[in-house]
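Subject: Structure handover

Hello,

Here is the structure for you to look at. My notes on what was found in it follow below.

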Amino acid sequence: MQFKPLGDRVLVRRVEEDAKTRGGIIIPDTAKEKPQQGEIIAVGPGARGDDGKVVALEVKPGDRILFGKWSGTEVRIDGEDLLIMKESDILGVIEGATKANLRAA
């Protein structure tokens, strides 16, 4: 299924963190918090400015982002849990991030 967010919304896949700390302690699922890092899957066209023109979003699909603990709305698309959030809920973009780098952080 194709999903296209509207306005200044983005579709985000959470980046799962390792279940083990650097010291080797295994963290049980019940003690884990939901990750606050994600990868942008799709973006909307942008928000309308005061002059009526569409202002494009600063993020793009593939960007790794940080967002607040309570940001976005959880949805299930094609059996996958994703988040839909406004661009303003995004705290920042992680430059040069790879999955290995994010897990090590």
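Two strands are taken as paired if DSSP finds at least two bridges between them. Helices (H or I, at least four residues) and strands (E, at least two) are DSSP runs, numbered from the N terminus. This is a predicted model, in which local features need pLDDT of at least 70 and side-chain atom pairs count only at pLDDT 80 or more, while totals for chains, interfaces and linings use all residues. Residues are numbered from 1 along each chain as its sequence is written, and side-chain values use heavy atoms, with hydrogens and water left out.

The sheet

Six strands form an open sheet in the order 6-7-1-2-5-8, with antiparallel pairing. Strand 6 and strand 8 are its edges, each pairing on one side only. From one strand to the next, the twist averages 45° (axes are lines fitted to C-alpha atoms, for helices over the stretch in contact, and angles run from 0 to 180 degrees between N-to-C directions).

Strand 1 and strand 2 run antiparallel and are joined by five bridges. Arg 14 has Gly 38 of strand 2 as its bridge partner. Strand 2 also pairs with strand 5, in the antiparallel sense and over three bridges; here Gln 37 is matched with Leu 66 in strand 5. On to strand 8 (residues 90-94): strand 5 pairs with it over four bridges, again in the antiparallel sense. Leu 66 stands opposite Gly 92 there.

Salt bridges

There are six salt bridges in the structure, a salt bridge being a side-chain nitrogen of Lys or Arg within 4 Å of a carboxyl oxygen of Asp or Glu. Three of interest are described here.

Arg 14 and Glu 74 meet through their side chains at 3.4 Å, N to O. This pair links distant parts of the chain, with Arg 14 in strand 1 (residues 9-14) and Glu 74 in strand 6 (residues 73-77), 60 residues apart. For accessibility, buried means under 20% relative accessible area, exposed over 50%, and partly exposed in between (1.4 Å probe, protein chains only). Arg 14 counts as buried because its relative accessibility is 17%, whereas Glu 74, at 49%, counts as partly exposed.

Glu 39 forms a salt bridge with Arg 64, and their closest N and O atoms are 3.9 Å apart. Glu 39 is in strand 2 (residues 37-43) and Arg 64 in strand 5 (residues 64-67), so this salt bridge ties together parts that are 25 residues apart in sequence. Arg 64 is buried, with a relative accessible area of 10%.

The side chains of Lys 60 and Asp 63 are also joined by a salt bridge, at 3.0 Å from N to O. Asp 63 counts as buried at 11% relative accessibility.

Two single residues

What does Val 43 touch, not counting residues up to four places away in sequence? Its contacts (heavy atoms within 4.5 Å) are Lys 4, Pro 5, Arg 9, Val 10, Leu 57, Val 59, Lys 60 and Pro 61. Val 43 lies in strand 2 and is buried, its relative accessible area being 16%. Its C-alpha is 6.6 Å from that of Pro 61, with the two positions 18 residues apart in sequence numbering.

Asp 78 is not a glycine, yet has a positive phi of about 50°. Asp 78 is found in the loop between strand 6 and strand 7 (80-86), and is exposed, with a relative accessible area of 55%.

Regards
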